[in-house]
Each structure stands twice: as C-alpha cells, then as structure tokens.
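Biologist: Hello! I would like a close look at one part of this protein, with some background on the whole chain to go with it.

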Amino acid sequence: MLRLAWSQLRFGTARTVALLAGMLLATTAFTVLTGASRASQLRTVGTVTANFRPAYDILVRPRGARTRLEARTGTVQPNFLSGIYGGISMAQYRQIEQIPGVQVAAPIAMVGYTLLRLQVPVRLAAGVNALPGRQLYRYATTWVSAGVAPR
C-alpha cells in the first residue's frame, strides 16, 4: 500500500503539484474575497446608519395599541395600522401640531375596506354552446365609485 502511494507521488509529480497549486489558489481566493465582502458590508452598514431616517419622529397611537414585542424591542411592527381601532381627536391632533419643533403632523386613519361580491348574469347566443371544442370568453367590468368611473 505504501509502495503504491510512493509511486503515485514519485511518478505523478505534475499532477500532485497542480493539485497543490489549485488548493493554494482556492484558499487564497477564498480568504481575499471574504475580507473584501466584510469590508464592503461594513461600508454599507455605515452608510445606511448615517443616512437612516425613520418614517416617524413621533408616532401617537391610541392607548393599548402597543404590543408586548414592540414594548420589549422599542420598535413598531410592520403593518401596525391594520389592527388598530380608535385614535386621537382633532383637538389632540391640533395640540400635537402646535408642539415646538413639529414641522408636519399627519393624521393616519384606518378607514377600512370591503370585498365586493357581485353576480352578473352573462347571456350567450343560443348557437355558441353548440360549437365543438373549448371556448374562451372575455368579460370586462368597470367599477364606479362616488359617481366617477376610472379612466
């Protein structure tokens, strides 16, 4: 067994050198690329941190709207408006607007939404169903809101 290994090393020198050179090249490339990616990550994090501006400087929500997770982390969860009911009065809004240093006070309210379901009968000509094979029909609708149709 040792003889086989020795003969492989002795007579396959070019192959062994090529293998070792490839391993050295791969190790060096991995080390250099890892170092470069860390440096670029640090630059990106530094740039984002320096230029970060939150969506709100002060966010006023109704009492009890803060979740345990928000209290623990000190952050507001994404889509936080979707489950909040109630809010502040217009008098409270005007008070907030008058606080020194407040440039913009923007009230946000979840008005709500509804999914409309409507059944519309579609009449087809009598001979259409008699045609052989599959058929495709296109039906277009237009929703009108407050008496104004979209363009």
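Among contacts in the protein chain between residues at least 6 apart in sequence, what percentage join residues at least 24 apart? And could you then take me through the segment after α4, with Val 102 and Val 120 in it?

Modeller: Happy to! Please keep in mind that this is a predicted model. The share you ask about is 26%, counted among contacts between residues at least 6 apart in sequence. As background, the protein chain holds four helices and zero strands, giving the pattern α-α-α-α when read along the sequence. Of its 151 residues, 5% are buried. The accessible surface of the chain is about 14800 Å², and carbon and sulfur atoms account for 61% of that area.

Now to the segment after α4, where we find Val 102. Leaving out residues up to four places away in sequence, Val 102 touches Ile 96 and Glu 97. Helix α4 spans 90–97. There is also a pairing with Asp 57 to look at: its C-alpha atom is 9.2 Å from that of Val 102, with the two positions 45 residues apart along the chain. Val 102 counts as partly exposed because its relative accessibility is 27%.

Val 120 also lies in the segment after α4. Its relative accessible area is 39%, so Val 120 is partly exposed. Since patch residues need over 30% relative accessible area, that value is relevant to what comes next. Val 120 helps make a nonpolar surface patch of about 880 Å². The other contributors are Leu 116, Leu 118, Val 122, Leu 124, Tyr 137, Tyr 139 and Trp 143.

How values were computed. Residues numbered from 1 in each chain as written. Predicted model: local features only at pLDDT ≥ 70, side-chain atom pairs only at ≥ 80, totals over all residues. Heavy atoms only, no water. Patch = residues over 30% accessible without salt bridge, like charges linked within 9 Å, V, L, I, M, F, W, Y side chains within 5 Å. Areas by Shrake-Rupley, 256 points an atom, 1.4 Å probe, with all protein chains shown as cover. Salt bridge = Lys/Arg side-chain N within 4 Å of Asp/Glu carboxyl O. Helix = DSSP H or I, 4+ residues; strand = E, 2+ residues; numbered from the N terminus. Buried < 20%, exposed > 50% of the residue type's maximum accessible area, 1.4 Å probe, protein only. Contact = heavy atoms within 4.5 Å.
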